[in-house]
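Reader: Could you take me through one pocket up close, and then the aromatic rings if there's room? Keep it relaxed, please.

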Amino acid sequence: SDPKDYTLALAERVRARGGTIEIGEARALIPGGLRTEAGELRGRVVIAAGAFSHRLTRTAGIAIPLETERGYNTTLPEDAFDLRMQLTFGAHGFVVSKLASGLRVGGAVELGGLDLPPNWARADAMLQKAAAFLPGLRPQGGTRWMGFRPSLPDSLPAIGLLPGQDDVICAFGHGHLGLTQSVGTARIVADLLTGQAPQIDLTPFAPTRFARLA
């Protein structure tokens, strides 16, 4: 129905199984845990912070060349167009999807890092293209959004132990496929946390393939 609904459902599942969720800024890896804005947390750490993950690895002295592919979308009211299936305009770099929250027109790639303000002209350009391809589309009343896709140079995620840190597991860098690959990655992380052998060879995904001293 909506990526947000998926995330909220996962949160409820965690709580239902006895887990707790604390929201706060992770500041740095420390021996045996993590330092946050609210204090220190002790235990094993899974770095799954998307495009911000490399900032955490740097606090342990490990530099990983994660880049941010910024994507844009506009969510229009549900009645903006009678869309009955997702449409992908591959040659033009955007898709149109019907979600519970409305009609979403999104895509694009902008290598702009984490700090630059959004360039809303990119969202507007996709909306104009969508209107050209879909006669009758009403492009008014939408909500624009910009997000970060965490991407590594070989388009594969980093999954496995952080170099030199037996209590820190990496699970980031999925690029455009974070939602698609989330369940498989979670299964691998669960195996690593419980001392089980993952069902696939993690060599191609090893964080050590890029890691260097920060």
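Author: First, the classes: Ala, Val, Leu, Ile, Met, Phe, Trp, Tyr, Cys and Pro count as nonpolar, Asp, Glu, Lys and Arg as charged, and the others, Gly among them, as polar. This is a predicted model, where local features need pLDDT of at least 70 and side-chain atom pairs 80 or more, while totals for chains, interfaces and linings use all residues. Residues are numbered from 1 along each chain, and side-chain values use heavy atoms, without hydrogens or water.

The second largest pocket (an open set of 1 Å grid points where a 1.4 Å probe fits, with protein on both sides within 12 Å along at least five of seven lines) has a volume of about 150 Å³. Its lining (residues with an atom within 4 Å of a point) takes in 14 residues, with Glu-69, Ser-151, Leu-152, Ser-155 and Gly-175 closest to the centre. By class, that's 6 nonpolar, 6 polar and 2 charged. Strand 6 (67–76) and strand 10 (143–151) each chip in at least two; strands are DSSP E runs of at least two residues, helices H or I runs of at least four.

On to the rings: there are 5 aromatic pairs (centres within 6.5 Å) in the whole structure. Phe-89 and Phe-94 are stacked (planes under 30 degrees apart), because their planes sit at 20 degrees, with centres 4.7 Å apart. Both are buried (under 20% relative accessible area): Phe-89 at 16% and Phe-94 at 2%. Ring pairs link these two and Phe-133 into a cluster.

Definitions and conventions:
Grid points are joined across faces, edges and corners, and a volume is the space filled by probe spheres set on the points. Rings of Phe, Tyr and Trp (its six-membered ring) pair if their centres lie within 6.5 Å; planes under 30 degrees apart count as stacked, over 60 as edge-to-face and the rest as tilted. Buried means under 20% relative accessible area, exposed over 50%, partly exposed in between (1.4 Å probe, protein chains only).
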